[in-house]
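Let's take a walk through the places where the parts of this model meet. Have the viewer open and follow along, one interface at a time.

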Amino acid sequence: MTWSLRTEGLGKAFTLHLQGGSHIPVLRDVGLAVAPGECVALAGPSGAGKSTLMRCLYGNYGAGSGRILLRHGGEAVDLAAAEPRLVREIRRDTLGYVSQFLRVIPRVPTLDIVAEPLLARGVPREAARARAAALLARLNLPARLHGLPPATFSGGEQQRVNLARGFAPHYPVLLLDEPTASLDAGNRAVVIGLIAEAKARGAAIIGIFHDTEVRDQVADRLFEVAPMPDASPAPGAEAPAAA
Amino acid sequence: MSAPLLEASGLRLSFGAVPALDDVALSIWPGEVVAIVGESGSGKTTLLRVLSGLVRPEAGEVLYRDPAGATHPVQAMGDAALRRLHRTDWGFVHQNPRDGLRLGVSAGGNIGERLMATGARHYGGIRQAAAEWLQRVEIDPARMDALPRTFSGGMQQRLQIARTLVTHPRLVFMDEPTGGLDVSVQARLLDLIRALVADLGLAVLLVTHDIAAARLLAHRLLVMRRGQVVEQGLTDRVLDDPQHEYTQLLVASVLAA
Amino acid sequence: MMAPGAENRSREAAVETVTGYNFGYLDENTKRMIRRALLKAVAIPGHQVPFGSREMPLPYGWGTGGIQVTASIIGPGDRLKVIDQGADDTTNAVSIRRFFARVAGVGTTERTADATIVQTRHRIPETPLREGQVLVYQVPMPEPLFRLEPRVAETKRLHALADYSLMHVKLYEDIARTGHIATSYNYPVMVNGRYLMSPSPIPAFDNPKMHRMAALQLFGAGREKRIYAVPPYTEVRSLDFEDHPFVPIRADAACELCGSRESYLDEVVTDDRGGRMFVCSDTDYCTTRQGTQGSAREAAE
């Protein structure tokens with residue numbers, strides 16, 4: 001099978017120096033492969049490490065062992081061993097991530113937040129802003145909000161800004177962490193449509209969907225993340241880590 | 001992205017028995033923002049001063065790569081060459097704007113000084129550049145002839161940044177640029193720096209003890225403790241998945257906003 | 001009728017040379033030390049050379065630096081002219097001229113053309129100087145950067161690095177504040193494209209005369225213990241901006257005594273009802289012109 005992303009023997013554990021050096025294994029020997037145009041939903045009970053896996057796949061958490069292979073610019077690269085500069089390049093061109101929460105950059109207008117990843121790839125400013133505006137409009141964010149920083153937006157509005165930012169650049173690999181959690185039915189349908197279009201473009205999508213209705217509509221298959229035997233919940237398993 | 005602007009290796013320096021730098025290595029590439037974090041006395045400001053040639057290390061080497069691609073050991077550069085470098089291809093933003101500004105010279109004169117130091121002799125051209133830079137750092141160009149001592153702390157810091165960037169350096173050293181400012185003023189300054197860095201493709205070496213500032217600005221992070229780099233890597237990975245005990249302590253000490 | 005200057009000339013010719021002093025007042029070792037400093041100064045145009053300034057029989061501020069330079073270079077065959085603000089007949093000029101007449105027995109003159117050495121405070125004569133002449137300036141503050149950078153060590157560093165942006169900032173500030181460069185005397189110059197130099201407090205009007213001057217220019221600062229020099233035919237440029245070029249300024253009037261429209265003019269208040277007149281600051285130049293005009297009139301009659 002051809003793949004866009006593939007893990008080999010991926011493992012992750014946390015050592016908490018501030019809590020007596022306790023060692024918490026979360027992932028062991030994860031082997032996941034996603035093909036272009038395929039959407040894989042991570043499944044498993046709460047605390048099994050789905051979010052930890054997502055964060056490892058984005059390079060946000062360092063892999064403890066194993067490899068995370070990505071097709072980047074026609075080559076296979078191992079994200080787990082990549083230098084920071086290469087990780088930045090991969091994130092710019094290949095790998096997108098829609099987290100549950102928007103990390104707000106103070107004072108930057110919504111439109112620029114969405115356009116920024118396009119600008120980073122060299123898309124001309126006007127074209128980038130036009131695409132950003134179209135995507136925000138599709139996600140039912142009124143144009144009068146586009147010029148405002150999203151700090152004061154509601155949770156659902158911020159989520160849609162995050163989604164627009166994630167879908168705008170057409171990443172070949174896209175990670176979605178609860179993309180519809182705070183959305184109403186209408187916007188859920190928009191997101192389902194966006195995912196379908198991304199798949200049609202050949203994007204490989206990995207998602208955590210608690211909303212089974214959405215999951216059933218977009219996912220081609222489930223990937224079971226099994227909880228480690230006698231492991232307490234990982235610190236980063238469900239909620240974002242501190243800071 | 002082909003070669004680093006600055007490469008340091010094996011840096012050592014101690015003040016008496018206290019090691020300020022203990023075998024520190026660091027590289028910074030064009031367009032990259034690297035933050036050095038750590039508590040007071042960890043050696044981060046010393047590192048900045050050594051990298052920028054202001055202080056000589058006891059051992060180790062700092063290599064500067066010029067726009068033509070040739071490398072020069074910073075510690076072997078003469079005073080004149082180093083000073084020229086600090087006014088052209090490099091910039092330095094001090095924590096206290098008083099150290100980086102002439103408070104008795106108008107805002108326009110402060111910005112113009114670097115241009116004049118590099119040979120600009122057209123008054124109108126200097127004025128125009130000063131007006132553009134004031135606007136870029138969100139200071140009303142009508143204040144061009146006002147003295148910086150009549151400015152607020154945040155304005156002074158923005159003026160210092162304009163003065164530093166007017167000659168289009170490729171590498172800027174920043175020593176706690178938001179230290180000593182009110183929180184609301186800090187946010188505005190950080191955002192301004194973030195936007196300028198992205199627009200100009202600057203490489204920045206930023207010393208800060210403000211983890212939030214580092215997260216907002218830096219692509220890469222170095223954590224220093226007692227003169228050693230105890231952990232380094234991609235900013236979000238170091239902050240979200242800290243490995244070293246000291247980094248975990250540092251991250252845990254930050255109040256989540 | 002005799003010109004006022006000619007009267008002085010005859011009076012001073014009567015000064016007797018005093019005995020008991022070395023020729024030129026200074027001892028030969030001191031002169032050698034100063035000449036070494038002068039040679040170094042000539043070799044590095046515009047660079048300030050420290051020297052061991054001696055106590056002189058007149059206070060600092062009265063030209064002790066210039067006098068020591070003159071004393072070190074003057075010989076029995078020299079003819080000395082001394083001016084103060086362009087005038088030969090002010091107390092300071094007369095005193096210094098008499099001093100050298102007494103301690104060196106040299107001839108003195110008020111004619112620029114006749115002098116081999118001209119010691120000056122605050123002016124350059126209008127009559128162009130020629131090869132072989134020496135112009136000695138009395139300098140109160142040799143450091144052009146001193147008002148801008150109070151640390152002496154730092155000014156030395158700035159000279160060493162040829163970093164003169166501070167001075168340009170000062171001129172920039174002048175224009176920003178007043179619309180033009182507000183410096184009308186002691187206007188800074190670049191010598192030989194390398195050193196920033198104070199021309200001493202001469203009017204900016206005189207600055208162009210320093211450029212490629214045929215005579216040797218020597219500068220002595222007694223209190224500050226510095227000597228500097230501009231060798232003949234050296235480039236001396238007044239600092240400026242492309243769009244605010246240096247302009248030598250003079251009062252827009254003719255001299256009421258000789259009618260000159262070229263010379264630098266002093267404004268003289270003639271009464272307490274606002275009456276005033278403009279006359280040449282250079283008395284020799286003015287007298288000479290009046291003399292030629294007088295003879296021309298006589299010839300015509």
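Seven salt bridges turn up across the interface of chain A and chain B. Keep in mind while you look at them that this is a predicted model. One pair worth pulling up is A:Lys12 with B:Asp241, a salt bridge whose closest N and O atoms sit 2.5 Å apart. Polar contacts add to the picture, with 13 residue pairs counted between chain A and chain B, both partners at pLDDT 80 or more.

So which elements of chain A give two or more residues to the side that touches chain B? They are β1 (5-16) and α2 (84-93) of chain A. The largest share belongs to α2(A), which puts five residues into that side. Sorted by class, the side of chain A that touches chain B holds 13 nonpolar, five polar and nine charged residues.

Now for the extent of this interface. On the chain A side, 27 residues are in contact with 29 residues of chain B. Between them, chain A and chain B bury about 2,400 Å², and carbon and sulfur atoms give 51% of that. If you want to know where the area goes in chain A, click on A:Arg85, A:Arg88 and A:Arg107: these lose the most area to chain B, and together they make up 27% of what that side buries.

Next, swing the view round to chain C and chain B. Here the contact takes 18 residues from chain C and 21 residues from chain B. The buried area comes to about 1,700 Å², with 57% of it from carbon and sulfur atoms. Four salt bridges are counted between chain C and chain B. In one of the salt bridges found here, the side chains of C:Arg157 and B:Asp79 meet with 3.1 Å from N to O. For polar contacts, the count between chain C and chain B is twelve residue pairs, again with both residues at pLDDT 80 or more.

Where does chain C's side of this come from? The elements that give two or more residues are α5 (152-160) and α6 (165-178) of chain C. With eight residues, α6(C) supplies the largest share of the side that touches chain B. By class, the residues on that side of chain C split into eight nonpolar, three polar and seven charged.

The last stop is inside chain C itself. Its domain assignment gives domain 1, made of 6-144 + 184-238, and domain 2, covering 250-301. Measuring between C-alpha centres, domain 1 of chain C and domain 2 of chain C lie 26 Å apart. In terms of contacts, 16 residues of domain 1 of chain C touch eleven residues of domain 2 of chain C. The two domains of chain C bury about 960 Å² between them, 48% of it on carbon and sulfur atoms.

How many salt bridges are counted between domain 1 of chain C and domain 2 of chain C? The count is one. C:Asp284 and C:Arg111 form a salt bridge, with their closest N and O atoms 3.8 Å apart. The interface of the two domains of chain C also has seven residue pairs in polar contact, both residues at pLDDT 80 or more. As for make-up, the side of domain 1 of chain C that touches domain 2 of chain C has four nonpolar, four polar and eight charged residues.

How values were computed:
Residues are numbered from 1 along each chain as its sequence is written. Chains are lettered from A and ligands numbered from 1 in the order in which they are written. This is a predicted model: local features need pLDDT of at least 70, side-chain atom pairs count only at pLDDT 80 or more; totals for chains, interfaces and linings use all residues. Side-chain values use heavy atoms; hydrogens and water are left out. Domain bounds come from an automatic or database domain assignment. Contact means heavy atoms within 4.5 Å. Buried area is the accessible area (1.4 Å probe) that two parts lose on being put together, summed over both. A polar contact is a pair of N or O atoms within 3.5 Å; within protein, one must be able to donate a hydrogen and the other to accept it, and residues adjacent in sequence count only if both atoms are side-chain atoms. Ala, Val, Leu, Ile, Met, Phe, Trp, Tyr, Cys and Pro count as nonpolar, Asp, Glu, Lys and Arg as charged, and the others, Gly among them, as polar. Helices (H or I, at least four residues) and strands (E, at least two) are DSSP runs, numbered from the N terminus.
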